[in-house]
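Colleague: I would like a close look at one part of this model, the charged pairs. Please take them one by one and give your cut-offs as you go.

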Amino acid sequence: ELAMNVVNAAARISNFLGAQLLGGASAGSWRDGFEIIAGLMGQYVAGLVSTPSLGGGSRNLIDLREGRGAYCMTTLASLHAAYHGLSPFATPSDRLRVVMSLSRLHLHVIARPAVRARRFRDLRRYRVSPGLVGFSTFNLFQELLKLSGITEADFQQAGGDVVHFDYPEAKRQFEAGNIDVLIWLTGVPNAL
């Protein structure tokens with residue numbers, strides 16, 4: 001028991017000293033970017049441990065704050081929210097620092113041809129996938145709901161629904177006709 005406590009304490013100290021890079025996701029630009037960065041760092045930084053995670057921008061920052069790593073990949077929106085203690089972060093993380101900025105992300109609202117929506121709130125009549133809970137796209141979607149004066153519950157009342165799939169599954173469901181609208185925060189050349 002004592003040995004396990006020592007090993008766990010040593011691992012936490014290593015994390016704080018810079019032994020782990022958090023990032024990843026199951027697919028898309030997050031995964032590609034993380035694999036490239038982790039590969040380069042592994043070549044040039046002996047002993048670096050990279051940890052793929054499925055949480056995206058916000059989840060990576062939460063894991064970072066809880067000592068599971070020293071560096072993480074995130075988005076500017078998630079970093080801003082964490083730094084200032086905005087939702088989903090209960091308190092400010094004002095010791096965060098940006099090491100590098102890689103690329104601009106774009107908000108994509110991809111709709112089937114039959115979707116007739118002139119305003120964001122019109123989407124509540126359709127089945128919408130804004131990504132998984134905890135990802136930056138989901139958090140941005142929550143902000144858009146607030147700005148539009150609606151909630152996820154309004155979708156079901158209007159005949160639509162909000163379903164939380166990761167990007168590859170959302171794409172499959174969209175192609176199968178089970179999803180009407182995809183909301184993605186990603187780089188323009190994303191193959192998905």
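Start with one side chain: what is the relative accessible area of Arg-59, and how does that class it?

Modeller: Arg-59 has a relative accessible area of 32%, which makes it partly exposed. The cut-offs are under 20% for buried, over 50% for exposed and partly exposed in between, using a 1.4 Å probe and protein chains only. This is a predicted model, in which local features need pLDDT of at least 70 and side-chain atom pairs count only at pLDDT 80 or more, while totals for chains, interfaces and linings use all residues. Numbering runs from 1 along each chain as its sequence is written, and side-chain values use heavy atoms, with hydrogens and water left out.

Now the partner. Side chains of opposite charge can pair when their charged atoms come close. Arg-59 does so with Asp-63, in a salt bridge at 2.9 Å, N to O. The rule asks for a side-chain nitrogen of Lys or Arg within 4 Å of a carboxyl oxygen of Asp or Glu. Both residues sit in helix H3, residues 56-65, and are four residues apart, about one turn of the helix. Helices here are DSSP runs of H or I with at least four residues, strands are runs of E with at least two, and numbering starts at the N terminus. Asp-63 has 10% relative accessibility and counts as buried. So this salt bridge links a partly exposed Arg-59 to a buried Asp-63.

Next, a pair to set beside it. Lys-171 forms a salt bridge with Glu-175, and their closest N and O atoms are 2.8 Å apart. These two belong to helix H7, residues 167-175, and again lie four residues apart, about one turn of the helix. Lys-171 is partly exposed at 25% relative accessibility. Glu-175 is exposed, at 55%. Back in the H3 region, salt bridges with shared partners join Arg-59, Asp-63 and Glu-66 into one network.

One further pair is worth a look. Arg-119 and Asp-122 meet through their side chains in a salt bridge at 3.5 Å, N to O. Asp-122 is buried, with a relative accessible area of 11%.

And the overall tally? By the same rule the count comes to seven salt bridges. Among them are Arg-59 with Asp-63, Arg-119 with Asp-122 and Lys-171 with Glu-175.
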